[in-house]
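Dear colleague,

Please find below the sequence and structure that I am handing over to you. My notes on what was found follow directly after it.

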Amino acid sequence: MDDISGKKIAAHPTEPGRVDMLQGVAGGFVEGNRMLRTLMDAMPIGCYVLRPDHTVLYWNPAAEKLLGFSAEEMQGKRCVDMPLGCSFTNSTHIKGAHCPAIVAYATGKAKTLEMFMRRKDGKDILLRNTLVPLADENGEVKELVSFFVPLTDANYDQGLIKAIYETATRDPLTCLPGRKFMEVCIDEAMEIYRRTGQPFAVLFADVNNFHDINNTYGHAAGDDLLRAFGLALRKYGRKADKFCRWGGDEFVGLLHLRHPEDIKGAAKRFLKIAHNCEVTEDGKTVSCRASIGITVVRDDDTIKSIVSRADHYMYLAKKRKEDQIVTDFDQ
């Protein structure tokens, strides 16, 4: 058989069972696209075909090798019902209208993206996936074909995926990850809370009078102070806690808890930052205080509501003369 470049392609030997399944599941796809199917059988890259409802019509041998799921396991199933764990490179789960397959169907245009898919052994693998709509003679898109290749030979667990994203979003000044990373972390913590009841808290911190410090001592001093504040958060936080630079002189933390009352102890630890954070600039000591709000997740919370509540507590803390930390237990 010749490909479009004129080179010879050896057809992949197809087992009788695979042919029977393809004929039973794929129906019109198999009958109308025998040449395409033969090419995809022989391809050394992963390939599958979907209907608009995500039903897998075809799953090639290379896809089996890459992801560990056999054609028998995948064909006739909706890919969204299978444990493929499809996610964007920021580790956000792909679902609904954001699914690239839905986008390709809706626009009728091919779409290429980098994404993670989960192997049968539970490891995630980074792929480049190209999804191409297949139109019939009337121009109606009834099927979509995907071609995917690994971007690296290494498989990743979820912790490593997060580490990659944390590095990619890192703020160069404080070396803390950015806001987008924290939003992903809070979203995951909420999902765990809904499933297991495991509580967590969000900390919102703001450096007091930061603009005055910049105006008085210069932006270099302000930058040094932000770096020192980021280090202090990590120092007084625990190993499982995560912190980010939310924006400007605002910082957000995700505190893992055993019990909601644990934020009382957290408040005592972070009180040292609230009392004083200082750096030396040209022989002069530049000091500041910080205001901190800490709140525990509630059943009806969203990312926006829990961060907004912690932010509100932070502003209440600013009004205090001493102990500028406000928690749920101060209300």
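**Overall organisation**

Among the contacts in the protein with a separation of 6 or more, 59% are between residues 24 or more positions apart. Please bear in mind throughout that this is a predicted model. The protein contains twelve helices and 13 strands. Of its 331 residues, 44% count as buried.

**The nonpolar cores**

The largest nonpolar core has 53 residues, and the members that touch the most others are Ile186, Phe200, Phe229, Leu255, Phe270 and Ile294. Helix α10, which covers residues 219-236, supplies the largest share of this core, namely eight residues. A second core, of 26 residues, lies apart from it; Leu50, Ala63, Met115 and Leu127 are among its members.

What does Phe270 contact, once its neighbours within four places in sequence are left aside? The list consists of Leu203, Leu233, Tyr236, Gly237, Phe243, Leu255, Ile292, Ile294 and Ile325. Leu255 and Ile294, both in that list, also appear with Phe270 among the core residues that touch the most other members.

**Aromatic pairs**

Four aromatic pairs are found in a search of the whole structure. One of them is formed by Tyr48 and Phe148; the pair is tilted, with 5.8 Å from centre to centre and 50 degrees between the planes. Tyr48 belongs to strand β1 (residues 46-50) and Phe148 to strand β6 (residues 141-156), so this pair ties together parts that are 100 residues apart in sequence. Both rings belong to buried residues: Tyr48 has a relative accessible area of 8%, and Phe148 has a relative accessibility of 0%. Together with Trp59, Tyr48 and Phe148 form one aromatic cluster.

Phe229 and Phe251 make a further tilted pair, at 4.9 Å centre to centre and with 55 degrees between the planes. This pair also links distant parts of the chain, since Phe229 lies in helix α10 and Phe251 in strand β9 (residues 250-256), 22 residues apart. Phe229 and Phe251 are both buried. Phe229 is, in addition, one of the residues that touch the most other members of the largest core.

A charged residue is also found over an aromatic ring: Lys264 lies over the face of Phe329, 4.7 Å from the ring centre.

**Salt bridges**

The count of salt bridges comes to 16. Among them is a group in helix α8, which covers residues 179-196. Arg179 forms a salt bridge with Glu183, with the closest N and O atoms 3.5 Å apart. Four residues, or about one turn of the helix, separate Arg179 from Glu183. Glu183 also meets Lys180 in a salt bridge, at 3.9 Å from N to O. These two residues of helix α8 are three residues apart, again about one turn of the helix. Through shared partners, the salt bridges join Arg179, Lys180 and Glu183 into one network.

How accessible are the members of this network? Lys180 counts as exposed, at 54% relative accessibility. Arg179 counts as partly exposed at 41%, and Glu183 is partly exposed with a relative accessible area of 23%.

Another salt bridge joins Arg119 and Asp121, whose closest N and O atoms are 3.2 Å apart. Is Arg119 buried or exposed? Arg119 counts as buried because its relative accessibility is 19%, and the limit for buried is under 20%. Its partner Asp121 counts as partly exposed, at 47% relative accessibility.

**The surroundings of Asp328**

Asp328 is found in the segment after β13 (325-327). Which side chains does the side chain of Asp328 meet in polar contacts? One such contact, of 2.8 Å, joins Asp328 to the side chain of Thr295. Another, also of 2.8 Å, joins Asp328 to the side chain of Tyr313. Not counting residues up to four places away in sequence, Asp328 touches Ile263, Ile294, Thr295, Val296, Arg298, Arg309 and Tyr313. Ile294, included in that list, is also one of the residues that touch the most other members of the largest core.

With kind regards

Terms used:
Residues numbered from 1 in each chain as written. Predicted model: local features only at pLDDT ≥ 70, side-chain atom pairs only at ≥ 80, totals over all residues. Heavy atoms only, no water. Core = buried A, V, L, I, M, F, W, Y, C linked by side-chain atoms within 4.5 Å. Buried < 20%, exposed > 50% of the residue type's maximum accessible area, 1.4 Å probe, protein only. Contact = heavy atoms within 4.5 Å. Salt bridge = Lys/Arg side-chain N within 4 Å of Asp/Glu carboxyl O. Polar contact = N/O pair within 3.5 Å; in protein donor to acceptor, adjacent residues only side chain to side chain. Phe/Tyr/Trp six-rings, centres within 6.5 Å; stacked < 30°, edge-to-face > 60°. Lys NZ or Arg CZ within 6 Å of the ring centre and 35° of its normal.
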